[in-house]
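This report describes the model displayed here. It takes the interface before the individual chains.

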Amino acid sequence: MIRIAEVYKYRGHECVINGVNLVIPQGTQVGLIGPGGAGKSLLMKICAGLVRPDSGSVLIDGTEVVGIGDVEMTSVRSKIGMLFQNYALFDFMTVEENIGFPLRQLGGRTEEEIRDEVNRLLLAVDLPNTQKLFPNELSGGMKKRVTFARAVIANPPILFYDDPTAGLDPVTSGKIFALLEERRARGGTTSIVVSHDILGMRDICDSFVLMDHGRIVFSGTREQIEASTRPFVGQFWRGEADD
Amino acid sequence: MQALSPSKLLSRFGAAFMAIALDVGGMAVLLYQILRCLVPPRLDGMETWRNLYKVGVKSAPIVVVTAMLTGAIMVIQSGALVAQFDAFGLLGWGAAFATLREVGPIMIGLMFSGRVGANNTAELGTMKVTDQIDALRALAIDPITYLLVPRFIAIVLMMFLLTIVGDLTALVGGAYTGQVLLGVSPSLFASSVIEYITLEDLFNGLFKAFTFGIAIAVVSSHYGMTTSGGAVGVGRSVNNSVVASAVLIFVLDYFITSILH
Ligand SMILES: Nc1ncnc2c1ncn2[C@@H]1O[C@H](COP(=O)(O)OP(=O)(O)OP(=O)(O)O)[C@@H](O)[C@H]1O
Ligand SMILES: [Mg+2]
């Protein structure tokens, strides 16, 4: 379970995360949506303990991550998988090394087992025969899929996906959403999905959180969000331009 | 340009001072964190090898060429004087003394800060702005032990070793130029080196190389790890890193020279 309470983060004098409270129950998948610059990526990094908020508390499975050092964070981090919005692939490693890296760091597996797992995931994301390529030889959409594979390979119980389908064609993007759904259906994974593809996300999340200007402006299930009479919520959900 | 009011001037001066203090403080903390990882050694073996290779092997040719030319230049500079006073027996001493104690470490230090240090800052800075550092941290990997310690070891060790190589090639370059230009035989050159140069001269220069290596490693890593603001930010960091390393090399040289004299 992830519990975020009264989190504030400032950039200079500007408040970029403004008093966020959020509870993500064990085993649920939450869709985090909102306009560009709303603070979605930043909130995710705060949840993963990568950015320290100026105040507030973040509990991951009962451990407070705000203010603890990298060493104490180790046990919490081993539960987390993260797909970064701008890929964050290690550019001195091949695709194969990137994806296998989390497993290699965990230890306890042979190179053979790691290679098999990497190949299996590469097939799942539709990237066969790319093992030996370097990230700079891949297209944006290909990099996204490699980051996806790296985030999920160690089967972490907590997953943060920041825009997993950005730059993907509709078919591939559908495949990635199907993989997310598969993971959710299997149970046991607590996850946050950030995406601008609301159509694709509708069916794969247990609930949704809408952010704007660093605040949570709405949270609820798909039915609740669709029934909302607030103009901003409805417009954003249906992707209408306001006039 | 508009004249600044005294209070504005003061606040600008204050801001600049704070920025420098923040950098110096950051570097001191970084050096402490790196040293703490060295006893007992906690580092990634693969990364260390990769960096030793990258820093050492790829810098060797440029160090050899510059050192060779430096030795030759020392001889050309002193050539006229040597010929005037018929002091051919001192040529080797003159070239070696200046090279080993001063010119060698400084030249190689500046080469290193421009080549290896700049590269280090650019690499770390790019990793920072593309979230690769965060990706490491998200995998519970300490960027200090994984990235910085191997680079520190590679830079300090290779700076030290390449200064020895550089010293030797500079002497070869000097001896060769002495023979071609002044007709001083290499054996006379060598005997002058052996007779007048003490081990202390050598160690003095090597100690400098060692501290310059530490300075380059810490400065370049600090600017890399504090990069923000995309590609422009990486450029700014590289620039700061090279300038700060060069300044620090001269400052350290001044203090070491005056203390060890
Ligand atoms: N480490 C940080 N510290 C302070 N402010 C930050 C930090 N990282 C990002 N910000 C600021 O937070 C704001 C929100 O950025 P964020 O990247 O979270 O937006 P986003 O909702 O993910 O947008 P998009 O949909 O375009 O990805 C921006 O104004 C950004 O400058
Ligand atoms: Mg974002």
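## Contact between chains B and A

In this predicted model, the contact draws 17 residues from chain B and 20 residues from chain A. Together the two chains bury about 1600 Å², of which 59% falls on carbon and sulfur atoms. Two salt bridges are counted between chain B and chain A. One salt bridge joins the side chains of D134(B) and K45(A), with an N to O distance of 3.7 Å. Four residue pairs, both residues at pLDDT 80 or more, are in polar contact between chain B and chain A.

On the side of chain B that touches chain A, the elements giving two or more residues are α2 (45-84), α3 (91-129) and α4 (132-138) of chain B. Of these, α4(B) gives the most, with six residues. By type, the residues on this side of chain B comprise nine nonpolar, three polar and five charged.

## Chain B

Chain B is built from eight helices and has zero strands. Its elements from the N terminus on therefore read α-α-α-α-α-α-α-α. Along the principal axes, the C-alpha atoms of chain B fill a box of roughly 65 × 55 × 30 Å.

The peptide bond between V39(B) and P40(B) is cis, with omega about -15°. P40(B) belongs to the loop between α1 (6-38) and α2 of chain B.

## The six-stranded sheet of chain A

Chain A contains an open sheet of six strands in the order β6-β7-β8-β3-β9-β10, with mixed pairing. Its edge strands are β6 (80-83) and β10 (215-220) of chain A, each of which pairs on one side only. On average, neighbouring strands of this sheet are turned by 15° against each other, direction ignored. Strands of a sheet pair through backbone hydrogen bonds, in either the parallel or the antiparallel sense. Both senses can be followed in this sheet, starting from its two edges.

At one edge, β6(A) runs parallel to strand β7 (residues 158-162) of chain A, and four bridges join the two. Within this pair, L83(A) stands opposite Y161(A) in β7(A). Helix α5 (residues 140-152) of chain A lies across β6 and β7 of chain A and runs at about 175° to β6(A). The loop between α5 and β7 of chain A holds N155(A). N155(A) is a residue other than glycine with a positive phi, near 50°.

At the other edge, strand β9 (residues 207-212) of chain A and β10(A) pair in the antiparallel sense over five bridges. D212(A) has R215(A) in β10(A) as its bridge partner. β9(A) and β10(A) form a hairpin with two residues between them. In the turn, H213(A) has a positive phi of about 50°.

## The four-stranded sheet of chain A

A further open sheet of chain A has four strands in the order β2-β1-β4-β5, with antiparallel pairing. Here the edge strands are β2 (14-24) and β5 (63-64) of chain A, and each pairs on one side only. Strand β1 (residues 2-11) of chain A pairs with β2(A) in the antiparallel sense over eight bridges. I4(A) stands opposite L22(A) in β2(A).

Helix α1 (residues 40-47) of chain A lies across β1, β2 and β4 (55-60) of chain A. The helix runs at about 60° to β2(A). K45(A), which meets D134(B) in a salt bridge, falls within the residue range 40-47 of α1(A). On the partner side, D134(B) of this salt bridge falls within the range 132-138 of α4(B).

Note on methods: Residues are numbered from 1 along each chain as its sequence is written. Chains are lettered from A and ligands numbered from 1 in the order in which they are written. This is a predicted model: local features need pLDDT of at least 70, side-chain atom pairs count only at pLDDT 80 or more; totals for chains, interfaces and linings use all residues. Side-chain values use heavy atoms; hydrogens and water are left out. Two strands pair if DSSP finds at least two bridges between them. Axes are lines fitted to C-alpha atoms, for helices over the stretch in contact, and angles run from 0 to 180 degrees between N-to-C directions. Contact means heavy atoms within 4.5 Å. Buried area is the accessible area (1.4 Å probe) that two parts lose on being put together, summed over both. A salt bridge is a side-chain nitrogen of Lys or Arg within 4 Å of a carboxyl oxygen of Asp or Glu. A polar contact is a pair of N or O atoms within 3.5 Å; within protein, one must be able to donate a hydrogen and the other to accept it, and residues adjacent in sequence count only if both atoms are side-chain atoms. Ala, Val, Leu, Ile, Met, Phe, Trp, Tyr, Cys and Pro count as nonpolar, Asp, Glu, Lys and Arg as charged, and the others, Gly among them, as polar.
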